[in-house]
Amino acid sequence: MTATETLSLTEIEDLAFRALVKAGTTEGNARPLAIATAMTEADGVSSHGLAYIPIYAQHVKCGKVDGSARPVIANPRPAVLIADAATGFAHSAIDMGFARLIPLAREMGVAVLAIHNSYNCGALGVHTRRLAEAGLVGLGFTNAPASIAPSGGAKPVLGTNPFSIAAPDAQGNAAILIDQSASTIAKSEVMKHAREGKTVPEGWVLDADGHPTTDPDAGLKGSMVPSGGHKGVGIALTVEIMAAALTGAALGTQASPFSGTAGGPPRTGQFFVAIDPGATAGADFQAKLAHLLASFHDQDGARLPGDGRKACRERAQSEGVTVDAELLAKVRALV
């Protein structure tokens, strides 16, 4: 049995914060990333939580990400915000951008935030949920280094490229949270299996020749399997347009890997759309949403996107989060 330890969300945030600062990240940049790490662990998405802190620390030290970066926000059009993340952590640019995006969306009805020169933003749903908790419908897109080959090809040209949609209920909670990558599974899960020396299920990855494999290392040298075949490729391409072409960020084929120390800053991008539902639907939005939610919850055993994360979060807030002891030792060694 794997040894584990239970930590409170405050303890997770504090540990992540101290590790990032010790690695050379400024406190202002470390705090939003540490908060997001705790939120991600609370949601049960451990592959994007504390497991990434050693990688983040390594990347600050080698210069793949600038821990002292100062994002710059511009407002070139009434409902458009542009953020230059300055090769720093995406979380700082998102924090600064959201501080202006949320009131702008309430004023204009809809507003967008385009981020370039950025780095891995972690679990995308953590960010769109914040928009939903502000009473807005939030859409998020983020591109990644190429790891998905086009249909009929074997050379990766698109990243796993997740998208996320979050919608608010009348109480200011995220009633619906969709957060999914264009691949069958997130690449971080394959990396996690590789670190642990475990095989992956067939259908997750292909080797460099485009053949199915259960060897995670071979898959990391090959390509990820797109979710739903050509439809997953279509989703990845859509996200690439939104998060890279529309932001001026590096394409997946131009971005350096999110793992290892080679290649310099990845310079990827994120794109967020914030919509005030009252501007388009008035009071009808909540009525329609409630009816939609009921159509799921009235069926025994049916699950709504986001239900699992909500249950994990409620449990984490009262009982803490169970973390692998070996991972904890690695993170604590950074402090």
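By class, the lining of the largest cavity comprises 4 nonpolar, 5 polar and no charged residues, where Ala, Val, Leu, Ile, Met, Phe, Trp, Tyr, Cys and Pro count as nonpolar, Asp, Glu, Lys and Arg as charged, and the others, Gly among them, as polar. The model is a predicted one, in which local features need pLDDT of at least 70 and side-chain atom pairs count only at pLDDT 80 or more, while totals for chains, interfaces and linings use all residues. Residues are numbered from 1 along each chain as its sequence is written, and side-chain values use heavy atoms, with hydrogens and water left out.

A cavity is a set of points, on a 1 Å grid over the protein atoms alone, where a 1.4 Å probe fits but cannot get out, and its lining residues have an atom within 4 Å of a point. The volume of the largest cavity, that is, the space filled by probe spheres set on the points, which are joined across faces, edges and corners, is about 40 Å³. Helix α2 (residues 27-42) supplies the largest share of this lining, 4 residues, helices being DSSP runs of H or I with at least four residues and strands runs of E with at least two, numbered from the N terminus.

The second largest cavity, with a volume of about 30 Å³, is lined by residues including Ser188, Met191 and Arg195, and helix α6 (residues 187-196) gives the most to its lining, with 3 residues.

Strand β6 (residues 163-168) has 5 of its 6 residues buried, meaning under 20% relative accessible area with a 1.4 Å probe and protein chains only.

Key:
1 Å grid on protein atoms, 1.4 Å probe; cavity = no way out; pocket = protein on both sides within 12 Å on 5 of 7 lines; lining within 4 Å. Buried < 20%, exposed > 50% of the residue type's maximum accessible area, 1.4 Å probe, protein only.
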